[in-house]
Every structure is written in C-alpha cells, then in structure tokens.
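Here is a short report on one molecular structure. Keep the sequence and the 3D view open while you read.

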2 protein chains.
Amino acid sequence: MSSYLKATAVDRADDGTYVVELDPGWAIAGNPHGGYLMAVVSKAAVDAADSPHALAVSAHFLRPPHGGPAEVRVEVVKRGRTASTVRATLWQDDKARLDTLITTGRLPQGAPSYSARPMPDLLSPEECRARQETGATIELADHVDVRIDPRTSLSNGDGTPLIRGWMAFRDGTDVDVEALLLAVDIAPPTVAHLGYRGWAPTVELSCLLRGAPAPGWLAFEAKATQVNGAWFDEESSVWDATGRLVAQSRQLALVSAPSR
Amino acid sequence: MSSYLKATAVDRADDGTYVVELDPGWAIAGNPHGGYLMAVVSKAAVDAADSPHALAVSAHFLRPPHGGPAEVRVEVVKRGRTASTVRATLWQDDKARLDTLITTGRLPQGAPSYSARPMPDLLSPEECRARQETGATIELADHVDVRIDPRTSLSNGDGTPLIRGWMAFRDGTDVDVEALLLAVDIAPPTVAHLGYRGWAPTVELSCLLRGAPAPGWLAFEAKATQVNGAWFDEESSVWDATGRLVAQSRQLALVSAPSR
C-alpha cells in the first residue's frame, strides 16, 4: 500500500470520531509535519461532511503530537448544497493538538476563467537538489521527495526569504487534494535567508484548495512578507504538473533567535 | 458614544457566552457586513482568552445573520504564554451564523525587522471618491468612510481585479485592532472588474493581524488571483497611517453570474 495513503488513513469509529495512527516517519526531528497533520484531519472532515473535497482549511496548531495512535473529533457545523463546514480537532493523550475549521464542497474542474499567478520559472526537478537541513533529521525525506531550486537555496540566496521547488511522493503515489496541504508547508522556513535558522513553529495556517491536482510533480513557492518581533508570515502557492494554481496559503509562525 | 464601539460591544454573560446587539446600520443591503461580524466575534474571543490582541482570525461564514440580538459562544481551546486559541461562534435564532478559530496574544510593537510589502502609491483620501455600488443600499456608509482610488475604480479600471483605497470611521473614532478585520473586507468585490457584478458572498476569510494601527486613515488593497467556476479568492493588505503593514487576509468567495 502507498506510504502516503497508509499514513493519512482515517478510520471512522462513530459519527464524531475518527481513529488515526500518526506515522513517526512523516516528521521532522521527531515532530510530525504540520502539513501531514492537516492532510489527516482534512480527510476525516471531508468524510464526515460527505463532501468530495476540502475547499478551505484553517488550522491552529496547539501542541505538537507524536507518532502513534490519535483521534480526530469532528462536528459538522453546517451542511449545505454548495459548501459544508466542519470543525475537526486532532486529539492525542487527552490533549487537543491541532484545531481546524474546514469548509468542504466540490472543487471546480477545468481551466480557470481568470488567473493572475502563473507558475514561476523553475529549474526542472532533475536540476534541483534535495531539501537539506543542517543539524536536523528529516524523517519525512524517506517518503516525500522535495527538490529545491538552487537559485533559491540558502547557499545561493540573495537574502530574500523566498524558496521554490518541487514535491512528489517517493513511492510514485499520485498527489491528491490533501497532498496540497503538505505541499504548502513543505519548504524549509524561508526566514533562514534572513539569518533565522532552526525550527520555526507554525501557529496558524490557512489554505485555499483551488483544484484537484493532475498526477506528477507539484511546484511550490514560499515567501515571507514581514518579520515583526518573533512573528513572521509565510505565503505559499502550489501549481500542479499542468501549471494550474491549485493551492494558496498563508501561515503565521515564530522565528527562532537569529544565529548571526 | 462612538458608533463603532457601540456596534461592536460584547457583554459577557457567563464563561462561555457573550451577548451582542448586531447593529442593522453596519450592513450592505440588509446583510450585516462580514468584517463587522468578525470584529464583534474577535472582541469576545480576546476577552475570553484574557489576551491583549487577536493575532490570527479564521472565519467560516455559515448563514447571514440580521440586525438585532445575537450571542457569541466561546470555548478557550488552549491557554498559552505566547498564544492562546479560542473557538468563537456567532449564534442567532438558534442557528450558528459564523464560526471562527482565533489565536490571540500580544502584537509586536515597533518597526518590523523585515518588510517586503510597502504601502502602494495611492491618491490622498481627498482625491479619492466614496465607495459606490449600483443598485445596492450601503447602510455601512453612514458609519464608515471608504474612499476608492479612482485609478482602480470600476469606471477607470483596466480589467484587473484590483481595488485600492482608504478607510476611517465617520465619527472620528480611532481605528483599533478589530477595525482591521473590517478593513480587509471593505473593498467592493474586485471581480466586478471582470464582469461579475452584484453580491459576492464570502465563504471563508482568514486574516493575520501584524500590528496595532496608529490613529488615522487605513490604506487597503484588495485583489483577486484566480476565478475558477463560481469560486474566487481575494487577498487584502492593510497599512496604517504611518505606512506600516498591519493586516493580511485571503478570502474564498462566490461570484454572481456574469452580467456581461
């Protein structure tokens, strides 16, 4: 079975509860990846709402969970023809870990009638290099192939907090809508370009899903707009292999102390 | 008393409930303004968390409320030193109208250490014109002074879904943090530039607050990135009178049928 589908499987226990098994391999330095957690919670929400897709996911990170058993508690707040809304919360060891509101419905098919955000110029995945972090174990790298355009990597960067690259699953599993939640959070923290190294915990991330991705590589761009005190924002855009904009997100996160 | 402070007042009834009176004057064509509703709910959340400010507001719009009595039901999901998270839901006539997750804390003071989004070139408020809508009553205009830069107005536009302008309260009340939630949703729908006229209901809006605004006019810029089927996104940025970026948002909304 696909590593991705296994790690994100949700098992309906009753109307309000899904049992999940958080895979310790989908982590960075022991912390399950935030995008991975959003994908798990979103799969439970979509199932509870009986909707084909998530359209808008608002995730507030409360406490990091660990690998192992957990549950997603869901409450369908509204059922509608065009859109339904679900509150879905990840619980582990009697503590809420991640709280979300998720609006679900059917993603539009076909080409957008207006689009002002074309895929940026990127080197091919073959010309890019694997995501690397100094001093951190990236368990996730066994499952997700992340390639960074060297023109936006830390060593080549010009001090602009911008990182572009590609993402695919190592075992060849096609990306699905929930994989976009992984893609919007897959870049290393862009503020490393400003001297803020190390872990940059996400406090809140909101993501709009704009279309089901075609099979193949996802392209991503992440950039920070403002750092103020310990707080920074990071915006991500994701395009599928056909060049269509399929996800947009913005997160609020905390910088580590500057190392320079 | 200030019209704004009166319209957004929240009255704590018990640990989980705030009584509010939705002012029918803070509306467009009979529907209370979405930004106004977010400001009301956010004031209840900040009080419940015993935090100075909202930092990240995720709002999912379920059903439009009407002017009159309503209540905000709050649940403090997590209390933390740096950030707390509250779920706050606007109820009226036994129906949930607006559901939110709000992370609260203390906004940074002083100048950002990095900022890549300066206030755009705008004509002065005196050179701009009042927000106008064809065929819609804007009750809100009695309370909020909205000026649109004529270079981005519908009559002068070049077909780009971008609108810039200024916002202040008519009675001279200083803007506060919650007023930023009004400002990110104060522009007429930018997709009117693409031929989609009429009401464009917001389904989800997420906003990051980045600083407490200085007194004076707020500048805003709203723009749509992609229209796909009936769905479009709209991004807003807000700067205070000193030129500091104080709010960033993105919403998912529905277009009306094109009129052209």
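Helices (H or I, at least four residues) and strands (E, at least two) are DSSP runs, numbered from the N terminus. With that in hand, start at one histidine. His33(B) is found in the loop between strand E4 (31–32) and helix H2 (34–49) of chain B.

Two notes on the source come next. This is a predicted model, where local features need pLDDT of at least 70, side-chain atom pairs count only at pLDDT 80 or more, and totals for chains, interfaces and linings use all residues. Residues are numbered from 1 along each chain as its sequence is written, chains are lettered from A and ligands numbered from 1 in the order in which they are written, and side-chain values use heavy atoms, with hydrogens and water left out.

**Around His33(B)**

Is His33(B) buried or exposed? Buried means under 20% relative accessible area, exposed over 50%, and partly exposed in between (1.4 Å probe, protein chains only). His33(B) has 4% relative accessibility, so it counts as buried. Its side chain reaches the backbone nitrogen of Gly35(B) at 3.0 Å. Contact means heavy atoms within 4.5 Å. Leaving aside neighbours within four places in sequence, His33(B) is in contact with several residues, including Trp26(B), Leu140(B), Leu182(B) and Asp185(B).

**Helix H2 in both chains**

The helix after this loop is H2(B), with 16 residues. From its first C-alpha to its last, H2(B) reaches 22 Å, close to the 22 Å expected at 1.5 Å a residue. The expected span is 1.5 Å times one less than the number of residues. In H2(B), 15 of the 16 residues are buried, so this helix is largely enclosed by the rest of the structure. Just after H2(B), Asp50(B) takes a positive phi of about 55°.

Now look at chain A. H2(A) covers residues 34–49 and reaches 22 Å. H2(A) is mostly covered, with 15 of its 16 residues buried. Asp50(A), just after H2(A), takes a positive phi of about 55°.

**How the two chains relate**

Two copies of a chain are related by a rotation about an axis and a shift along it. Copies are superposed here by least squares on the C-alpha atoms of residues with pLDDT of at least 70 in both. Chain B can be laid on chain A with an RMSD of 0.0 Å, by a turn of 180° and a shift of 0.0 Å along the axis. That is the relation of a two-fold axis. What surface do the copies meet through? In chain A, 100% of the interface residues of chain B are also interface residues, so the copies meet through the same surface.

**Salt bridges**

A salt bridge is a side-chain nitrogen of Lys or Arg within 4 Å of a carboxyl oxygen of Asp or Glu. How many salt bridges does a search of the whole structure find? It finds 30 over all chains. Here are some of them.

| Acidic residue | Basic residue | Closest N and O atoms |
|---|---|---|
| Asp176(A) | Lys43(A) | 3.2 Å |
| Glu221(A) | Arg117(A) | 2.7 Å |
| Asp93(B) | Arg97(B) | 3.7 Å |

Asp176(A) and Lys43(A) link distant parts of the chain, 133 residues apart. Lys43(A) lies in helix H2 of chain A, and is buried at 16% relative accessible area.

Glu221(A) is buried, with a relative accessible area of 5%. Arg117(A) is partly exposed, at 24%.

In chain B, Arg97(B) is buried at 10%, whereas Asp93(B) counts as exposed at 51%. Salt bridges that share partners join Glu235(A), Arg250(A), Glu235(B) and Arg250(B) into one network.

**Strands**

Two strands pair if DSSP finds at least two bridges between them. Strand E13 (residues 202–209) of chain A has eight of its eight residues buried, so it is largely enclosed by the rest of the structure. Five bridges join strand E5 (residues 53–61) of chain A to E13(A), and the two run antiparallel. Ala56(A) has Leu208(A) as its bridge partner in E13(A). E13(A) also pairs with strand E16 (residues 245–254) of chain A, over seven bridges in the antiparallel sense. There, Cys207(A) has Ser249(A) as its bridge partner.

In chain B, seven of the eight residues of strand E12 (residues 162–169) are buried. E12(B) pairs antiparallel with strand E11 (residues 144–148) of chain B over five bridges.

Note on methods:
A polar contact is a pair of N or O atoms within 3.5 Å; within protein, one must be able to donate a hydrogen and the other to accept it, and residues adjacent in sequence count only if both atoms are side-chain atoms.
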